Amino acid sequence: MVVTCQISYFAAARSPKYFTDPLKFCPERWLPSDHPQFDLKYASDELKAAKPFSQGLRGCPGGAIAVSLIRLFIARVLWEFELEAVQGQEDLSFEKDFKFYAYWDRPSFWVRFKPAHRMRDY
Ligand code: HEM
């Protein structure tokens, strides 16, 4: 007999069973616990419950590349620009307005990019 065991990663990553304020955007929850910006509120978060790249034999082989590229991209953008959400979009809600039907169906979210005027020595 073959038994298939499966969980929903989407549900696990958004469950209060594993995360404090699971629907709140708090990237600092991913910091190491000895980081000065780590908030003890998230100390009991079970970070392994988030598996954006899946796992196992058919898990994403590009996870490490993707994380490196995303870090580099965000660091470069934040180095070059100050970002500001355009006003009038306060009602936009991930829960209400973003849908996933194999691909994301998402509304526009306008962001103003202002040059940060940092010294360029690269
Ligand atoms: C944020 C970026 C990415 C996310 C969230 C992501 C996520 C995933 C997920 C969830 C799967 C399915 C795993 C499964 O079926 O269990 C997958 C498969 C795969 N990903 Fe990614 N991925 C990303 C970027 C990349 C990159 C950059 C590459 C290549 C350089 C890549 C190559 C692949 C390949 C080849 C598979 C198929 C693996 C297989 O079926 O054996 N992915 N990815």
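These are legends for close-up views of one predicted model. Local features here need pLDDT of at least 70 and side-chain atom pairs count only at pLDDT 80 or more, while totals for chains, interfaces and linings use all residues. Residues are numbered from 1 along each chain as its sequence is written, and side-chain values use heavy atoms, with hydrogens and water left out.

**View 1. The iron atom of the ligand and Cys60.**
The protein offers the iron a single donor, the SG of Cys60, at 2.2 Å. Donors are N, O and S atoms within 2.8 Å of the metal (3.2 Å for Na, K and Ca), and since water is not among the atoms, sites may look incomplete. Cys60 sits in the loop between helix H1 (9–13) and helix H2 (63–80). Helices (H or I, at least four residues) and strands (E, at least two) are DSSP runs, numbered from the N terminus. Is Cys60 buried or exposed? Neither quite: Cys60 counts as partly exposed because its relative accessible area is 41%. For the cut-offs, buried is under 20% relative accessible area, exposed is over 50%, and partly exposed is in between (1.4 Å probe, protein chains only).

**View 2. The shell around the ligand.**
Pro52, Phe53, Ser54, Arg58, Gly59, Cys60, Pro61, Gly62, Ala66 and Ile70 surround the ligand; a residue is near a molecule or strand if one of its heavy atoms lies within 4 Å of it. Sorted by class, that makes six nonpolar, three polar and one charged residues. The classes go like this: Ala, Val, Leu, Ile, Met, Phe, Trp, Tyr, Cys and Pro are nonpolar, Asp, Glu, Lys and Arg are charged, and the others, Gly among them, are polar.

**View 3. Ser54 and Arg58 beside ligand oxygen atoms.**
Ser54 puts a polar side-chain atom 2.6 Å from an oxygen atom of the ligand. For Arg58, a polar side-chain atom comes to 2.7 Å from an oxygen atom of the ligand. A polar contact is a pair of N or O atoms within 3.5 Å; within protein, one must be able to donate a hydrogen and the other to accept it, and residues adjacent in sequence count only if both atoms are side-chain atoms.

**View 4. Cys26 and the disulfide count.**
Cys26 counts as buried because its relative accessible area is 4%. How many disulfides are there? The count is zero, with a disulfide taken as a pair of cysteine sulfur atoms within 2.5 Å.

**View 5. Phe81 meets Phe113.**
The model has five aromatic pairs. Rings of Phe, Tyr and Trp (its six-membered ring) pair if their centres lie within 6.5 Å; planes under 30 degrees apart count as stacked, over 60 as edge-to-face and the rest as tilted. Phe81 and Phe113 pair edge-to-face, at 5.4 Å centre to centre with 75° between the planes. This pair links distant parts of the chain, with Phe81 in strand S1 (residues 81–85) and Phe113 in strand S4 (residues 111–115), 32 residues apart. Phe81 is partly exposed at 30% relative accessibility, and Phe113 is partly exposed at 43%. The C-alpha atoms of Phe81 and Pro115 are 4.5 Å apart, although 34 residues separate them along the chain.

**View 6. An aromatic cluster with Trp104.**
Phe100 and Trp104 make a tilted pair, 4.8 Å centre to centre and 55° between the planes. They belong to one aromatic cluster, formed by Phe94, Phe98, Phe100 and Trp104. Trp104 is partly exposed, with a relative accessible area of 40%.

**View 7. Asp45 and the backbone of Thr20.**
Asp45 is another resident of the loop between H1 and H2, and at 10% relative accessible area Asp45 is buried. A polar atom of the Asp45 side chain lies 2.8 Å from the backbone nitrogen of Thr20.

**View 8. Positive phi at Asp21 and Ala102.**
Asp21 isn't a glycine, yet its phi is positive, about 45°. Asp21 is in the loop between H1 and H2 and is partly exposed at 31% relative accessibility. Ala102 has a positive phi too, near 70°. Ala102 is found in the loop between strand S2 (99–101) and strand S3 (103–105), and counts as exposed because its relative accessibility is 59%.
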